[in-house]
Amino acid sequence: MKAAPFAYLRPGSLDEAVELVAEVGDDDGKILAGGQSLLPVLNLRLAHPAVLIDIAGLGELRAIEPHGTGGGLTVGAMATHRVLERGSSPALAGFAPLSRVAELIGHLPIRTRGTIGGSLAHADSAAEWPLVALVLDCTIHALSRRGVRGIDANDFFEGPFSTALEPDEILTGIHFPRPPHTLNVVEFARRKGDFAIVAAATVLGRRADRCEHARIAVGGVASTPVRIPEAEKVLEGCPLSDVHPAVLEAAYVCGETVDPPSDVHASSAYRKRLVRVLVERALLRSHHDLEGTPS
Ligand SMILES: Cc1cc2nc3c(=O)[nH]c(=O)nc-3n(C[C@H](O)[C@H](O)[C@H](O)COP(=O)(O)OP(=O)(O)OC[C@H]3O[C@@H](n4cnc5c(N)ncnc54)[C@H](O)[C@@H]3O)c2cc1C
């Protein structure tokens, strides 16, 4: 099947794109980034936008720059998964875990075209970047005629394929507040390159010889990616020299907290079991990474 007919607009600047998005509106128009999620949707005729606004030519949305005082980074919405995987920008030094995350996404042609902004805006609950945005306390930037606003990742994902973006807003980038030294994403998919059936992302911080700032999020278990604060609390303050019991308990709490649906890919019980196993693996890797960081 092929997409229903649409008008194709290619703005020459971000200002022009903002005007076009405001004029066309979300009912009639769609922003086209890498097209790796949108084009299949159009070809299956699951959406029939009258207008596509292609933002691929907007170089300013590809910028990857250091930002803020804490060693943070802002990645433009049109940065591709492949650029992040290869760590091609000097600003990505210190952000190697992002490269390992990008590597998990689809296949090479998908990573070459697909963008981080498209992934966040598409908001698939099993996608990697939304999970990462949650565990790294990221801020997502949106631009409209009213100006720029930052949206806390915790408030961004609202439902199945639905976000806090207003119909007239363009997602312009994502801010990572600090280098993600202990970020780990562990997932289970039937074949390499498939979307994960379940994915888990974790981060651990330290204060002296104790754990602090634990973050755990899982995908593929609900209509949005979810953080599990009940499990994060289990790890707060636990001694780093004897973290294993707390890791097991946190993983158990995650498995008990989620209530995933059953579908053709996996039953609810199987997904719960995967959550427990994948969270445990991710936390152990984060703990391992923590050993090399200064207290
Ligand atoms: C076979 C296959 C396997 C895949 N496997 C994975 C996987 O394992 N993990 C994973 O995360 N993804 C996977 N993907 C999806 C891929 O990562 C896409 O690149 C991503 O979901 C969307 O990015 P895009 O740039 O292609 O966006 P597009 O497809 O162009 O757009 C997606 C949606 O986001 C909106 N949008 C895009 N950019 C913006 C913006 N800047 N502002 C506002 N709205 C915007 C569009 O209007 C559209 O609704 C897979 C895709 C395929 C085809």
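Select the shell around the ligand in this predicted model: its residues divide into 15 nonpolar, 12 polar and 3 charged. That shell holds 30 residues, and those that come nearest to the ligand are Ile 31, Ser 37, Leu 38, Thr 115 and Glu 128.

Next, colour the secondary structure. Strand E2 (29–32), helix H6 (116–122) and strand E10 (170–176) are the elements to pick, since each gives at least two residues to the shell. Helix H6 makes the largest contribution, with 4 residues.

Now show the ligand as sticks and go through its polar partners. Start at Glu 128, where a polar side-chain atom lies 2.7 Å from a nitrogen atom of the ligand. Glu 128 is also one of the residues that come nearest to the ligand. Move to Gly 34, where the partner is a backbone N or O atom, 2.8 Å from a ligand oxygen atom. Then select Leu 171: one of its polar backbone atoms is 2.9 Å from a nitrogen atom of the ligand. Taken over its whole surface, the ligand has 970 Å² of accessible area on its own, and the protein covers 88% of this.

Turn on a surface for the protein and look for the largest pocket; the ligand sits there.

Finally, zoom out and colour the chain by domain. Select 7–54 for domain 1, 59–176 for domain 2 and 184–290 for domain 3. How far apart are the C-alpha centres of domain 1 and domain 3? The distance between these two centres is 36 Å.

Note on methods:
Residues numbered from 1 in each chain as written. Predicted model: local features only at pLDDT ≥ 70, side-chain atom pairs only at ≥ 80, totals over all residues. Heavy atoms only, no water. Domains from an automatic or database assignment. Near = heavy atom within 4 Å. Polar contact = N/O pair within 3.5 Å; in protein donor to acceptor, adjacent residues only side chain to side chain. Areas by Shrake-Rupley, 256 points an atom, 1.4 Å probe, with all protein chains shown as cover. 1 Å grid on protein atoms, 1.4 Å probe; cavity = no way out; pocket = protein on both sides within 12 Å on 5 of 7 lines; lining within 4 Å. Sits in = over half its atoms within 2 Å of the grid points. Nonpolar A, V, L, I, M, F, W, Y, C, P; charged D, E, K, R; others polar.
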